[in-house]
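The following exercises concern a helix and a neighbouring strand. Please work through each task with the model in view before reading its solution.

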Amino acid sequence: MGDKKRVLVKFSGEALAGENGFGIDTHILKFIASEIKELVLNNVEVGIVIGGGNIIRGVSAAKDGIIKRTSGDHMGMLATVINAIAMREALEHSGISVRVQSAIKMEAICETFIMGRAGRHLEKGRVVIFAAGTGNPFFTTDTAATLRAIEISADMIIKATKVNGVYDKDPMKFIDAVLLNEISYEKAMDDSIKVMDDTAIALAKDNKLPIVVCNMFKKGNLLKIINGDYSNCSVVKN
């Protein structure tokens, strides 16, 4: 890898939905593609994981017992594949070389996840979008993102959200909410602070993988973070 930086960026599915709250907003896709392109042009190797909440969530689908949780989660995994294909199209449209790798085999649509192959794609300057979560029910896409980040030896995982980072309380409800610039893994597992689910944080902690939570809608934010400017975000580390 030499002095090249390698990063995994996690986007929520809801972020792609924009104002609609569901589906895919192509304006947002275009914006994300331009931000990712900026990283690639600056010699950063980029992996991406996108959630599926803009289409369906396994937990929600299974809440009244008609759909089993396992099936609900499989539906959620397929939703992430839809988002991954949309993201691939937006990136290719902006001139970036991309591969989608799915944790569930679907050869007609994309590659199956193979760690070594993903690494070679990244070395060749291709963006790799990891779809279908971990391929297992009961695991979130946050956990999938952390797992893939560790597997590709990423320097950090960036969780790109709609807010600047992690606050001591909900910034949407409390005007005096304070942005926490640095948080320990233990503190991040606190119920009042929702960074990622506990499985994802525990996995990051065990592998000393820093988690950076930032606002995805601030232009240039991703590149700033990779260049070491953490002034407007939250970093979870030991």
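**Exercise 1.** Determine which residues of H2 are buried and where they lie around the helix axis.

*Solution.* Step 1: in this predicted model, a residue counts as buried under 20% relative accessible area. By this criterion, Ile28, Leu29, Ile32, Ala33, Glu35, Ile36, Leu39 and Val40 of H2 are buried. Step 2: viewed down the axis of H2, these residues fall within an arc of 165°, so they line one face of the helix. Step 3: the face turned away from the buried side carries the exposed residues Thr26, His27, Lys30 and Leu41. Step 4: the partners of the buried residues include strand S1 (5-11), strand S2 (44-50) and helix H4 (69-93).

**Exercise 2.** Describe what is found at the N-terminal end of H2 and just after the helix.

*Solution.* Step 1: H2 comprises residues 26-41. Step 2: its N-terminal end is capped by aspartate 25, with a side-chain oxygen 2.8 Å from the backbone nitrogen of histidine 27. Step 3: just after H2, asparagine 43 adopts a positive phi of about 70°.

**Exercise 3.** Establish how S2 is enclosed and with which strands S2 pairs.

*Solution.* Step 1: seven of the seven residues of S2 are buried, so the strand is largely enclosed by the rest of the structure. Step 2: Val44, Val46, Ile48 and Ile50 cover one side, while Glu45, Gly47 and Val49 lie on the other. Step 3: S2 pairs with S1 in the parallel sense over seven bridges; isoleucine 48 is the bridge partner of valine 9. Step 4: S2 also pairs with S5 in the parallel sense, over three bridges, and glycine 47 stands opposite valine 128 in S5.

Technical notes
Residues are numbered from 1 along each chain as its sequence is written. This is a predicted model: local features need pLDDT of at least 70, side-chain atom pairs count only at pLDDT 80 or more; totals for chains, interfaces and linings use all residues. Side-chain values use heavy atoms; hydrogens and water are left out. Helices (H or I, at least four residues) and strands (E, at least two) are DSSP runs, numbered from the N terminus. The expected span of a helix is 1.5 Å times one less than its number of residues. Buried means under 20% relative accessible area, exposed over 50%, partly exposed in between (1.4 Å probe, protein chains only). The arc is that of the directions from the helix axis to the C-beta atoms. Contact means heavy atoms within 4.5 Å. A polar contact is a pair of N or O atoms within 3.5 Å; within protein, one must be able to donate a hydrogen and the other to accept it, and residues adjacent in sequence count only if both atoms are side-chain atoms. Two strands pair if DSSP finds at least two bridges between them.
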